[in-house]
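Thanks for coming. I will put the structure up and then walk through it part by part.

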Amino acid sequence: MVKLNPRLGRVSFCPVRIVFLGAAGVGKSHLISSFLRNNFVSGESKPQIHQIERQIQQETIYIQLCEEPCPTEVCDWVTSLKNASVVFLVYDATNTSSFEYISKILPDIKPIIHEETSMIILENKCDLKSQRSVAFQETAFDIKCDQVSAVTRENIDLVVYREVESALIRVSSRGNGG
């Protein structure tokens with residue numbers, strides 16, 4: 001994916017696109033904001049696309065973080081999903097219907113994404129243990145699950161960077177005939 005790098009004033013390669021999907025109110029925007037700013041900013045957020053430059057393994061890479069709002073139709077997601085390196089399916093640990101929403105959208109998502117795209121279920125608000133209404137599982141719907149918290153920043157960097165590195169390895173192996 002090619003994007004303008006405003007700091008360099010030229011076009012640069014953006015090898016990793018991360019898409020966050022989930023029901024309204026699960027904290028997709030806050031997870032992205034927490035990752036970008038290293039702190040939690042309260043208040044309502046609007047879906048945006050962010051391109052950031054980060055150092056990973058002594059190499060500067062460009063990561064595009066994209067939140068897709070709860071769509072009226074699956075076609076709203078198609079472009080984002082076709083170009084995704086990683087898809088995070090986000091649910092709220094305190095909201096059972098947000099977890100059920102993932103099972104509802106999965107049949108529509110799986111045929112759209114590339115076979116090499118990583119799909120991970122993120123349980124947001126894992127810090128609210130006493131309010132939990134969904135029991136955490138290591139896997140759900142045959143997809144790996146991780147726990148994160150936008151407020152405490154628990155596991156956000158770990159999960160995002162792990163998936164970015166994995167995506168870079170996949171891109172590199174494709175370029176080397178692998």
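This is a predicted model. I start with the aromatic rings. Searching the whole structure turns up 4 aromatic pairs. One of them is F20 with F88, a tilted pair with 5.2 Å from centre to centre and 45° between the planes. F20 sits in strand β3 and F88 in strand β6, so this pair ties together parts of the chain that are 68 residues apart in sequence. Are these two residues buried or exposed? F20 counts as buried because its relative accessibility is 3%, and the cut-off for buried is under 20%. F88 is also buried, with a relative accessible area of 0%. Elsewhere, ring pairs join Y91, F99 and F141 into a cluster.

Next, the core. The largest nonpolar core contains 45 residues. Which residues have the most contacts inside it? They are I18, F20, L81, F88, L89, I109 and L122. So both members of the tilted pair, F20 and F88, are on that list. As for where the core comes from, at least two residues are supplied by each of β3, α1 (28-37), β5 (59-67), β6, α3, β7, β9 and α4 (156-175). As general background, nonpolar side chains tend to be buried together in soluble globular proteins.

Take L122 from that list as an example. Setting aside residues up to four places away in sequence, L122 touches F20, L31, F88, L89, V90, Y91, D146, V148 and V159. F20 and F88 turn up again here, and D146 is a residue I will come back to.

Now helix α3, one of the elements that feed the core. Helix α3 covers residues 96-109, which is 14 residues. From its first C-alpha to its last it reaches 20 Å, close to the 20 Å expected at 1.5 Å a residue. Which residues of α3 are buried? They are S98, F99, Y101, I102, I105, L106 and I109. Among them, F99 belongs to the ring cluster with Y91 and F141, and I109 is one of the core residues with the most contacts. The buried residues of α3 pack against β3 (16-22), α2 (78-82), β6 (86-92), β7 (118-124), β8 (139-140) and β9 (143-147).

In the loop between α3 and β7 we find T117. T117 is buried, at 11% relative accessible area. A polar atom of the T117 side chain lies 2.9 Å from the backbone oxygen of A84. Apart from neighbours within four places in sequence, T117 is in contact with A84, S85, V86, V87 and R170.

That leaves the charged residues. The count for this model is 6 salt bridges. In general, side chains of opposite charge can pair when their charged atoms come close. I will follow one group, centred for this talk on D146, which lies in strand β9. D146 is buried, with a relative accessible area of 12%. What does D146 contact, leaving aside its neighbours within four places in sequence? The answer is I120, I121, L122, E123, F136, V159 and R162.

Of those contacts, R162 forms a salt bridge with D146, at 2.5 Å from N to O. This pair links distant parts of the chain, with R162 in helix α4 and D146 in strand β9, 16 residues apart. R162 counts as partly exposed, at 30% relative accessibility.

K144 also makes a salt bridge with D146, and here the closest N and O atoms are 3.3 Å apart. K144 is partly exposed, at 40% relative accessibility.

On the other side of R162 in this account is E163, which forms a salt bridge with R162, the closest N and O atoms being 2.9 Å apart. E163 is buried, with a relative accessible area of 6%. Put together, K144, D146, R162 and E163 are linked in a network of salt bridges.

To go back over the main points: F20 and F88 form a tilted aromatic pair, the largest nonpolar core has 45 residues, and D146 has salt bridges to K144 and to R162. That is all I have.

Terms used
Residues are numbered from 1 along each chain as its sequence is written. This is a predicted model: local features need pLDDT of at least 70, side-chain atom pairs count only at pLDDT 80 or more; totals for chains, interfaces and linings use all residues. Side-chain values use heavy atoms; hydrogens and water are left out. Helices (H or I, at least four residues) and strands (E, at least two) are DSSP runs, numbered from the N terminus. The expected span of a helix is 1.5 Å times one less than its number of residues. Buried means under 20% relative accessible area, exposed over 50%, partly exposed in between (1.4 Å probe, protein chains only). Contact means heavy atoms within 4.5 Å. Rings of Phe, Tyr and Trp (its six-membered ring) pair if their centres lie within 6.5 Å; planes under 30 degrees apart count as stacked, over 60 as edge-to-face and the rest as tilted. A nonpolar core is a set of buried Ala, Val, Leu, Ile, Met, Phe, Trp, Tyr and Cys residues joined through side-chain atoms within 4.5 Å. A polar contact is a pair of N or O atoms within 3.5 Å; within protein, one must be able to donate a hydrogen and the other to accept it, and residues adjacent in sequence count only if both atoms are side-chain atoms. A salt bridge is a side-chain nitrogen of Lys or Arg within 4 Å of a carboxyl oxygen of Asp or Glu.
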